Amino acid sequence: MKKFLLTLFAIMASACFMLKADPVTWSYQLVDDGTDHPSIKMTATIAPGYHLYDFTHQGMENKLAISITGQGVQTVGAPKAARAPIAEIDEDGANARFYTGSITFTQKLKPTADKYKVTVKITGQACNDNSCSNYNSAKIFDGHAPKAAVAEESKEQPEEQPKEEVEAPAAADSAVAAPVADSAVASSEAIGSESQLWANVEPQLKALSQDKEEAGLLAIFLAGILGGLIALITPCVWPMIPMTVSFFLKQNKSKAAGVRSAMVYGISIVIIYVAIGLLVTAVFGGAALNALSTNAWFNVFFFLLLVVFAISFMGGFEITLPSKWTNKMDSKVDTTTGMVSLFFMAFTLALVSFSCTGPIIGTLLVETATSGNYLSPAVGMLGFALALALPFTIFAMFPTMLKSMPKSGGWLNSVKVVLGFLELALALKFLSIADLTCNWRILDREVFLCLWIVIFAMLGFYLLGKLRFPHDSKVEKTGIGRFMLALISLSFALYMVPGLWGAPLKAISAFSPPSRTQDFSLYQGEIHPRSQNYEEGMALAVQENKPILLDFSGHGCTNCRELEGAVWTNDDVRNLINDDFILVSLMVDERTPLPQPIVKTRANGETAIVETVGELWGLLESEKFGIMAQPYHVILDHQGRPLAPAMDYNNGKDPKRYIEFLETGLQNYRKQSAKPAEK
């Protein structure tokens with residue numbers, strides 16, 4: 001079984017890696033830097049089975065586009081390919097020209113200053129026999145030239161010089177052509193560097209805002225406690241409580257010493273699990289985990305992982321760590337004494353109980369790590385460990401309570417199966433994020449709801465004893481607890497049925513895909529953004545004389561879905577937004593590539609290369625508002641200045657508070673608009 005699990009995980013990881021792999025990868029080299037004839041070599045490595053079209057392929061515009069801009073340098077001619085493209089007649093009878101394997105392009109340069117900067121931006125498509133995939137790449141070089149060559153160049157140049165920014169020419173017989181950005185992206189590029197609409201407004205927001213306590217970490221801590229309580233009643237942990245407490249009491253001569261040992265044991269459990277949480281962020285970093293949360297293949301991987309966990313909980317197989325790890329910890333317990341021995345006992349518990357606690361810990365870490373807060377995984381693990389460790393100390397202090405503990409039995413296996421159903425339902429959430437991010441449309445809202453309805457209906461039937469899995473014993477009588485849980489599960493399944501016709505379903509809005517993905521809906525109370533482009537939305541606001549409500553959101557943002565489903569469906573909120581604002585929703589995880597990458601110097605001096613629409617809006621949020629969190633709502637006037645304190649998820653969940661936010665922004669906008677008339 002261990003070999004099977006290792007093989008399964010290897011296949012999953014390999015599949016995700018292959019799916020994520022780019023069809024074309026680019027490498028760059030600045031050659032002969034420091035001379036008067038430097039050049040840039042751009043090498044494309046094309047994946048097996050793919051071909052990179054030459055731009056002269058009929059009917060295939062922008063298949064390969066290289067743009068080279070510079071400061072203190074000029075390009076000499078167009079980039080040249082190291083070899084001629086392959087020429088064939090395609091299925092449509094057109095002359096196809098393409099490259100396979102590896103191809104290098106060389107661009108000659110001519111420095112006009114002692115120091116220069118060159119930016120290379122490449123976009124296009126690579127195709128195989130079935131489909132085409134977009135690619136984009138960018139690179140920035142800093143170079144220098146001989147002063148003699150620069151002096152000679154300056155003599156040859158007229159006194160009046162245009163801006164030292166050039167683009168590789170696009171000739172009809174060239175192997176490359178410069179891409180043409182659409183007006184929206186071109187506008188964003190210009191505004192990103194110069195316009196007041198992109199100007200930082202953090203001081204204005206601070207002046208408008210009042211200090212508000214963040215509740216995010218508290219919610220994560222409570223979620224960790226809930227996970228720890230669930231782990232306690234699994235077959236791997238519950239039987240360990242009386243065994244471990246009895247060991248402490250017998251091992252020590254006094255009750256006080258036994259309690260002290262139990263406390264050290266509990267503290268060791270806390271240290272171990274908090275260390276796991278810290279390790280997660282130390283390895284990946286909070287920002288990287290936040291980015292991964294909306295990565296399609298990351299979410300596909302966790303969908304598959306949670307399905308495996310669900311099958312394990314339902315009795316398909318058991319996930320265990322290598323036995324030599326447990327044996328090694330046991331030997332450490334035997335060879336050490338005092339507190340060190342208790343620490344290794346706690347470590348042994350963590351290893352032995354992994355088959356039950358592993359899926360719970362994994363799910364908790366994914367949910368907390370992708371919240372964007374660097375401390376979230378550690379805080380979540382702190383809550384989990386406290387809930388897991390507390391019973392050992394309590395029962396050691398009050399050993400008579402051990403007699404009232406329910407005995408181990410078939411009910412523990414039922415707990416695992418119930419967790420399996422819940423893991424299966426949660427797995428669909430991760431697949432939904434990938435589906436929304438990539439716009440596959442395989443898990444639209446009605447499909448998602450159908451699956452959830454079936455899962456929770458089957459869970460209800462299982463609790464009533466109408467459905468059995470391996471290792472389940474026959475349910476002779478349905479206890480009150482099982483009956484109440486079955487009632488809740490079946491009622492929840494019925495609650496979701498109206499959602500198939502478009503009902504909002506506020507209780508699950510954080511998990512289900514947005515209503516806009518539903519093909520058929522009778523519900524008319526949805527709010528749709530007027531635009532998904534910042535500059536376009538601002539133009540509409542000016543045209544209709546309304547303030548702009550800027551909504552930084554994401555396809556994979558569960559908090560965004562919850563706020564939209566629970567707050568925007570409020571009649572007063574909906575009417576205010578539709579009647580008095582221009583709603584602009586900007587998806588920071590939108591993977592659509594820009595026709596041409598944008599190079600922007602951040603406020604801290606770092607250079608950002610923006611290649612997708614989502615990265616562009618993420619740059620806007622961080623540069624203008626100094627934050628990277630979703631949902632994040634702010635009301636702006638026509639100059640891009642805030643009119644009210646920004647609204648985040650923690651404060652925006654209350655419809656009354658959200659209405660106050662909208663009314664404050666609207667009142668300030670009307671006051672501002674009335675000022676010229678008063679003069």
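1. Ala65 lies in strand 4, which spans residues 64-71, of what is a predicted model. With a relative accessibility of 0%, Ala65 counts as buried, because the cut-off for that term is under 20%. In sequence, Ala65 is separated from Gly124 by 59 residues, yet their C-alpha atoms are 6.0 Å apart in space.

2. A second region to examine is an open sheet of four strands, arranged in the order 12-11-15-16 with mixed pairing. Strand 12 (582-587) and strand 16 (647-648) are at the edges; each has a single partner strand, so one side of each has no neighbour in the sheet.

3. Within this sheet, strand 11 (residues 548-553) and strand 15 (residues 632-636) are paired in the antiparallel sense, over five bridges. Helix 17, formed by residues 534-544, packs on the sheet and touches strand 11, strand 12 and strand 15. The direction of helix 17 makes about 180° with that of strand 12. As a point of reference in the pairing, Leu550 is placed opposite Val634 of strand 15.

4. Helix 17 itself deserves a closer reading. Its buried residues include Tyr534, Glu535, Gly537, Met538, Leu540 and Ala541. As general background, an α-helix has 3.6 residues a turn, so residues three or four places apart point the same way.

5. The two ends of helix 17 may be described separately. At its start, a side-chain oxygen of Asn533 comes to within 3.1 Å of the backbone nitrogen of Glu535; Glu535 is also among the buried residues of the helix. After helix 17 comes Asn545, which has a positive phi, near 55°.

Note on methods. Residues numbered from 1 in each chain as written. Predicted model: local features only at pLDDT ≥ 70, side-chain atom pairs only at ≥ 80, totals over all residues. Heavy atoms only, no water. Pairing = 2+ DSSP bridges. Contact = heavy atoms within 4.5 Å. Axes fitted to C-alpha atoms, helices over the stretch in contact; angles between N-to-C directions. Buried < 20%, exposed > 50% of the residue type's maximum accessible area, 1.4 Å probe, protein only. Polar contact = N/O pair within 3.5 Å; in protein donor to acceptor, adjacent residues only side chain to side chain.
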